[in-house]
Amino acid sequence: MVIIADGIKLDFDDVLIRPKRSTLTSRSRVDIRKEYHYLHVPVKELVVPIVAANMDTVGTMEMSDSLHDYGMQTCLHKFYEVDDLVDYFTFHPRRNTFYTLGIKEEEVDKLLEVDDQLPDIEEEGLGIHKICIDVANGYQKVFVDHVKRIREMFPESVIMAGNVCTPEMVSELLISGGADIVKIGIGPGSVCTTRMVTGCGYPQLSAIIECADAAHGLNGHICADGGCRTSGDVVKAFAAGADFVMLGSMFAGTEECEGKWEYEGENKSLKFYGMSSEDAMDAHNGGVGNYRTSEGKSMFVDYKGPVSNIVQQITGGLRSACAYVGARNLKDFPKCATFVRVGRVHY
């Protein structure tokens, strides 16, 4: 029997946020930091909840260094050599960097090798305090078991795991997997073609709303991953209940990125691609396996200068949005925001 889940599901372009009367005298008075307590670890931190995606062009050590200055975080890509990771986590005693791995056994071995080589020194901020466990399809039981295994290995680390897009799997990863943050998004990314290739996915705004409700009822968190093309999309993700917002294409093309740059006169552009694309699989997996197909695409992104330019756009947009609805801080923003359904928005 064919089952159709009825009801309208929305994406970022389907809504705007209705302005409301405000007593704020200036957007500069809006606090865009949030304090976080985690479900499985006794960690408390105050951050600006923007996260650079663990893509090989964007999730770089240089990106982490730059975003740290703004209180933001980075998920390092998983293709660094062991020695580079040991050096980084030894000499950068910071809690703003996620170590990323997937589900392969050699990636677990690499994580343990890096951790084993870190100095055994009780120093504030030293070591691997945050782990991102990233797969394209977080719905498999083997993935939940894998997250649980990493939790048992690293009981004191904050763990982010995904991707999923529905409430039941958010609950499963938080309760059974031991995740603290669940990454939300199947197919919304600008260089992801999963929806076109497989027909699977979920409109990102509705996914955030529904998954945030499930996570917050369990004292867990979600990270909206994918679909943000502008600072306005980032604003809508937070208004919908996202605790963190992960960005790839918005940070692509900045000075802190790695990858292939092409030059034309005085201009340059970065080759940016999805991590399930043919380019990514050629670079890291020896090509596309004969049992699967590419679920990503490639594009060139013009050089944008230092990431600080993009950070200012995002933080400025967040402060202005809070001022439009009378929210004095990012924590109160979802309670103050009201969405208006408008169909497709054309900027």
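## A tour from Gly241 through the barrel

Begin at Gly241, just after helix α8, where the backbone takes a positive phi of about 115°. The model is a predicted one, and every value below was computed from it.

**Helix α8.** Step back and select residues 231-239, which form α8. This helix is mostly covered, with seven of its nine residues buried. Colour Asp233, Val234, Val235, Lys236, Ala237, Phe238 and Ala239 to display the buried set; a charged pair of names, Asp233 and Lys236, is included in it.

**Phe333 and the core.** Now select Phe333. Three residues of α8 appear in the list of its contacts beyond four places in sequence: Val235, Phe238 and Ala239. The other residues in that list are Ile17, Ala321, Cys322, Val325 and Ala327. Phe333 belongs to the largest nonpolar core, which has 107 residues. Add Ile50, Val170 and Phe251 to the selection; together with Phe333, they have the most contacts inside this core.

**The barrel.** Switch to a cartoon view and follow the strands in the order β4-β5-β6-β7-β8-β9-β10-β11: these eight close into a barrel with parallel pairing. From one strand to the next, the twist averages 25°. For a closer view of one pair, select β6 (residues 97-101) and β7 (residues 130-134), which are joined in the parallel sense over three bridges. Within this pair, Thr100 stands opposite Cys132 of β7.

**A cis peptide in β8.** Move to strand β8, residues 158-164, and pick Asn163. The peptide bond between Gly162 and Asn163 is cis, with omega about 20°. In general, most peptide bonds are trans.

**Helices α4 and α5.** Select residues 141-153 for α4 and 167-175 for α5. How do the two axes cross, and at what angle? They come within 9 Å and cross at roughly 30°. Angles under 35 degrees count as roughly parallel, and α4 and α5 are therefore roughly parallel to each other. Their crossing is right-handed. Show side chains here: Phe143, Val144 and Val147 of α4 meet Met169, Glu172 and Leu173 of α5.

**Asn219.** Finish in the loop between α7 (204-216) and β10 (221-225), where Asn219 lies. Asn219 has a positive phi of about 65° although it is not a glycine. Is this residue buried or exposed? Its relative accessibility is 57%, so Asn219 counts as exposed, the cut-off being over 50%.

How values were computed
Residues are numbered from 1 along each chain as its sequence is written. This is a predicted model: local features need pLDDT of at least 70, side-chain atom pairs count only at pLDDT 80 or more; totals for chains, interfaces and linings use all residues. Side-chain values use heavy atoms; hydrogens and water are left out. A nonpolar core is a set of buried Ala, Val, Leu, Ile, Met, Phe, Trp, Tyr and Cys residues joined through side-chain atoms within 4.5 Å. Buried means under 20% relative accessible area, exposed over 50%, partly exposed in between (1.4 Å probe, protein chains only). Contact means heavy atoms within 4.5 Å. Helices (H or I, at least four residues) and strands (E, at least two) are DSSP runs, numbered from the N terminus. Two strands pair if DSSP finds at least two bridges between them. Axes are lines fitted to C-alpha atoms, for helices over the stretch in contact, and angles run from 0 to 180 degrees between N-to-C directions. Angles under 35 degrees count as roughly parallel, over 145 as roughly antiparallel, 65 to 115 as roughly perpendicular and the rest as oblique. A crossing is left-handed if the near helix is turned anticlockwise from the far one by less than a right angle, and right-handed if clockwise.
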